[in-house]
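Visitor: I have not looked at this one before. Can you take me through it piece by piece?
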Amino acid sequence: MSTEVAPPGEEEVGAVAVVSEHLTPDDRIWLLRSMLLMRGLEERAMSLYRQGRVPGSFYDGFGQEAVSAGAAFAMAPEDRLCVLHRDLAAHVIRGVAPARILAQYLGRAAGVTRGRDGNVHFGDPELGCVGMVSMLPDMMLVATGMAMAFKLRGERRCAITWFGDGSTSRGDFHEAMNWAGVQRLPVIFVLENNQYAYSTPLDKQFAVDPVERAAAYGFAGVTVDGNDVEAMFEVTREARARAVGGGGPTLIEAVTMRMHGHAAHDDMKYVPKAQVEEWRAKDPVDRQAARLAALGVDVAEVRAAVAAEIDLATEEALASPMPDPETAALDVFCSGEAEVLGDGVARWSGWVERS
Amino acid sequence: MPTMTYLQAISSALRDEMRADQRVLLMGEDIGEFGGAFKVTDGFFDEFGPERVMDTPLAESAIIGCAVGAAVVGLRPVCEMQFADFISCGFDQLVNVAGKMYYRQGLAVPLVVRMPSGGGFSGGPFHSQNPEAWFMHAPGLKVVAPSTAVDAKGLLCHAIHDPNPVCFMEHKHLYRRVRGEVPDGVFETPFCARVAQPGSDLVVVCYGAMVEVALEAVADGLDGASVEVLDLRSLVPLDEEAVLDSVARCSKVVIVDEANATCAAGAQVAALIAEKGFELLDGPVVRVATPDVPIPFSPPLEAAVLPNVERVREACRELLAY
C-alpha cells in the first residue's frame, strides 16, 4: 500500500497548477459558483450577526472554501456526508437552498434544523447529510459507521467527513482511523489543516504531521493544496474511486488557512499578520476566478448572479417566521418509522453523465 | 412454553430478531467466535457469520459512533458494552451524537446499547456500576431495565424495533439466577411498569435486580401487611401513571435503587410523587439506595453498601409503623 505524502511546493501555491482532466468548463464554473455562494452567504450572515439578527456566535470558513467545494463535488448522489462548520460549500453543492441556510443562521423555523441548532450544525437528511456536533471529530466515527454499512451490504458507495487539525488530538480520530483501516472501509477523511485550533497552532497540536499517521493505520494519506479547488476535487475523486473499488479509506490533508477568527467574537490577535498576508495571496476564490478568466469565462457575470441569488435568499430568510415556542419540547423522540438518509444532488458532470 | 434464564432470554431476543430482520447486526468486543464475555452471543457466529456478529476493536466510542452511522443508513445495530461501566468511554457518542440527533436534525437513530450492569459479585469499582441515571438525564435516550426473563426478551425486542437509541440495562447478577417461561419468537413488551406483586398498605418501587430483593423482603408478609411491588421496567419513559396509581392504592412508598442515591432513578420517582402525589401519601417517601461511593471490591465492603433484603424489609417495617 503506497502512502503519498506530497506537501504543496511553493511554486504550486498561488499558481494555477492543477487542472483535473475530469472537469468540464461547466464543472469548473460550478466549483467557483459554490465557493462564491459559500463566501457570499457567510459574509451576509456575518453582517446579520453584527446587526444582532443572528443569535449566538457565528462561525465561517473564509479562506477555506475550496476544501468543502472540491471534495463535495466529487461525491455521488448515493454517497453520504458528515459536513463540518467551515464547509458550507458542501451543503450548497448537495442542494440546500441559500434561503434555508440563512434561515438556519437566523434561528428561523425554515432553517434546516428548524431553530433547534445553530450555525452550520446541520445536515439535510433528505440530501444524504448528517448534521455535526460540537465535539470534534465525533463525525469521523459516524462516517466510518455509514461506510461499514455500505461494505456489509456490498454497495458501491462511500462516506466522507471533514475535521480540523485540532481534531487529530482526540481519541475519536484514532478510533475512526483504526476501525476504518481494520475493516478497510469506503470512507474519506478530509483533514482540514487550517493552522489553528481556535488559538492553538500546529506545533502545540502534534509532533508528526497527521497525514503520516495514515500509513500506520494501513491506508493511504495524501496532502493537497487545500486552497486549490480543482486539486481538492481531483484528490477526492481518486479517494472515492479507491474507496468504492475496495481499496479502503483515504486521509486527505488539505493544507489551508483559517482567515477569520475561530468565531465572530474572536479577533485572532494570536495570528501573526505576515501569516495572514501570505495566505491572502493564495485565496481560493480568487485563484479559481483567475483560472476561469484565463479560459475566457465572464467571471463578473458569475459573481453578479451569485450576489443576486444571495440578496433574494436574504429577503426570503428574513421574512420567514421564528419557530413557535410551543414546539420547543416536541419531537425529542421519533414516534414513527426511522427514515434513512436520502440521496443528494451531484453537480459533477461525471455523475450527470452516469445518470 | 420454554423455560429459560434471564441471559438465555436476552440471547433468544437477539437470535429471533436477527432471524426476522436482516438489518439487525450485533457489534461488540469479543462477541463473535468467542461468544461474548458473558456468552450472550454464544453460537451466533456460526449461525449469522462474522459480519452480523461483529468483533470490534476495543473502542467503545467507536462502537457507538459507528452504530449511529450504520443506523442512519438503514441498519439496526445492537451494541454490546462488555460491562455497563465502559460506557463512560462511549458517553459522548451516545449522549451528544445519538441522543440529540432526532431533535436537532429530524434524523432517527434506531440503535440499542446493551449494558451489563450491577454489582453483588466483587466486580469492584469498574465492573459493578448502575449508570442508568447518566442517561436518564440525557434527552433523547430511552432507558429500560428488565428484572425477569420474559421481560428481558420482550423489552429487548421492543428496543430493537424502537426508532430511537435505547439503553438496555441488563443486570449481570440476574443472568443465571433468574429464570422463567419465555415465549418463542419475537414479541414485544412495551416500555411501561408492571405490578410484580399487588398490595394495598405499602408499595416498594424498584427495577432491575432490586425487584427480586423487594419480593423476597416482603415475602413473609411483613406482619400481615399487604405490600405491593412495582417493577418500573422502563426508566425513560417513566410510567408516571403506574407509579401514581400504586401510591394512590398504598399511600406509603419505599423506593429502592441499587444505583448510587443522588439523582438516581428512585430520586426521580420521589420527585414525581412529591410533585403529583403528595395528597396521596400517608407517610414520608422512604428511599433505600447505595450511598454515593464507588462500589468496593471486598465482599464485606460491597455488602455494606448495596441494598439487600434486610435493609428493604427494615425500611418497610419502619414506614408501616409510621
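Visitor: Which domains is chain B divided into?
Guide: This is a predicted model. In it, chain B has domain 1, covering 3-181, and domain 2, covering 194-320.

Visitor: How many Å apart do the C-alpha centres of those two domains of chain B lie?
Guide: The C-alpha centres of domain 1 and domain 2 of chain B are 26 Å apart. The two domains touch: 26 residues of domain 1 of chain B are in contact with 23 residues of domain 2 of chain B.

Visitor: Which elements supply the domain 1 side of that contact in chain B?
Guide: In chain B, α5 (132-136), β6 (142-144), α6 (149-161) and β7 (166-171) each give at least two residues to the side of domain 1 that touches domain 2. By class, that side of domain 1 of chain B holds 12 nonpolar, 11 polar and 3 charged residues.

Visitor: Let me pick one of those. How many residues of α6(B) are buried?
Guide: The count is 11 of 13, so α6(B) is mostly covered, taking buried to mean 20 or more other C-beta atoms within 10 Å. Among the buried residues of α6(B) are A149(B), D151(B), K153(B), H158(B) and I160(B).

Visitor: And what does α6(B) reach from its first C-alpha to its last?
Guide: The 13 residues of α6(B) reach 19 Å, close to the 18 Å expected at 1.5 Å a residue.

Visitor: Something else in chain B, then. Where is the place of G180(B)?
Guide: G180(B) is in strand β8 of chain B, residues 179-181.

Visitor: Why is G180(B) partly exposed?
Guide: G180(B) has 16 other C-beta atoms within 10 Å. A residue is partly exposed when this count is over 12 but under 20, so G180(B) falls in that class.

Visitor: Which residues is G180(B) in contact with, leaving aside its neighbours within four places in sequence?
Guide: They are T3(B), T148(B), A149(B) and V150(B). A149(B) also appears among the buried residues of α6(B). As for A259(B), 79 residues along the chain from G180(B), the C-alpha atoms of the two are separated by 25 Å.

Visitor: Back to chain B as a whole. How many helices and strands?
Guide: Chain B has 11 helices and 14 strands. Buried residues make up 59% of its 322 residues. Of the contacts in chain B with a separation of 6 or more, 80% are between residues 24 or more positions apart.

Visitor: What radius of gyration does chain B have?
Guide: Chain B has 19 Å, which agrees with the value near 20 Å that a compact globule of 322 residues would have. Its C-alpha trace spans about 60 × 40 × 40 Å along the principal axes.

Visitor: Now chain A. How many helices and strands there?
Guide: Chain A has 12 helices and 8 strands. Its radius of gyration is 19 Å, close to the 20 Å that the globule rule gives for 355 residues, so chain A is as compact as a globular protein of that length. The C-alpha atoms of chain A fill a box of roughly 55 × 50 × 45 Å along the principal axes.

Visitor: How much of chain A do buried residues make up?
Guide: Buried residues come to 54% of the 355 residues in chain A.

Visitor: Is strand β8 of chain A buried or exposed?
Guide: In strand β8 of chain A, residues 250-255, 6 of the 6 residues are buried, so this strand is largely enclosed by the rest of the structure. T250(A), I252(A) and A254(A) point one way from β8(A), while L251(A), E253(A) and V255(A) point the other way.

Visitor: Which strands pair with β8(A)?
Guide: Strand β4 of chain A, residues 187-193, runs parallel to β8(A) and is joined to it by 6 bridges. Strand β7 of chain A, residues 220-225, also pairs with β8(A) in the parallel sense, over 6 bridges. E253(A) of β8(A) is the bridge partner of L191(A) and of T223(A).

Visitor: Last topic. How many residues of chain A are in contact with chain B?
Guide: There are 37 in chain A, in contact with 31 residues of chain B. In chain A, α5 (138-152) and α6 (171-183) each supply at least two residues of the side that touches chain B, and the largest share, 10 residues, comes from α5(A). That side of chain A divides into 21 nonpolar, 7 polar and 9 charged residues.

Notes:
Residues are numbered from 1 along each chain as its sequence is written. Chains are lettered from A and ligands numbered from 1 in the order in which they are written. This is a predicted model: local features need pLDDT of at least 70, side-chain atom pairs count only at pLDDT 80 or more; totals for chains, interfaces and linings use all residues. Domain bounds come from an automatic or database domain assignment. Two residues are in contact if their C-beta atoms, placed from the backbone, lie within 7 Å. Helices (H or I, at least four residues) and strands (E, at least two) are DSSP runs, numbered from the N terminus. Ala, Val, Leu, Ile, Met, Phe, Trp, Tyr, Cys and Pro count as nonpolar, Asp, Glu, Lys and Arg as charged, and the others, Gly among them, as polar. The radius of gyration is taken over C-alpha atoms; the globule rule is 2.2 Å times the number of residues to the power 0.38. The expected span of a helix is 1.5 Å times one less than its number of residues. Two strands pair if DSSP finds at least two bridges between them.
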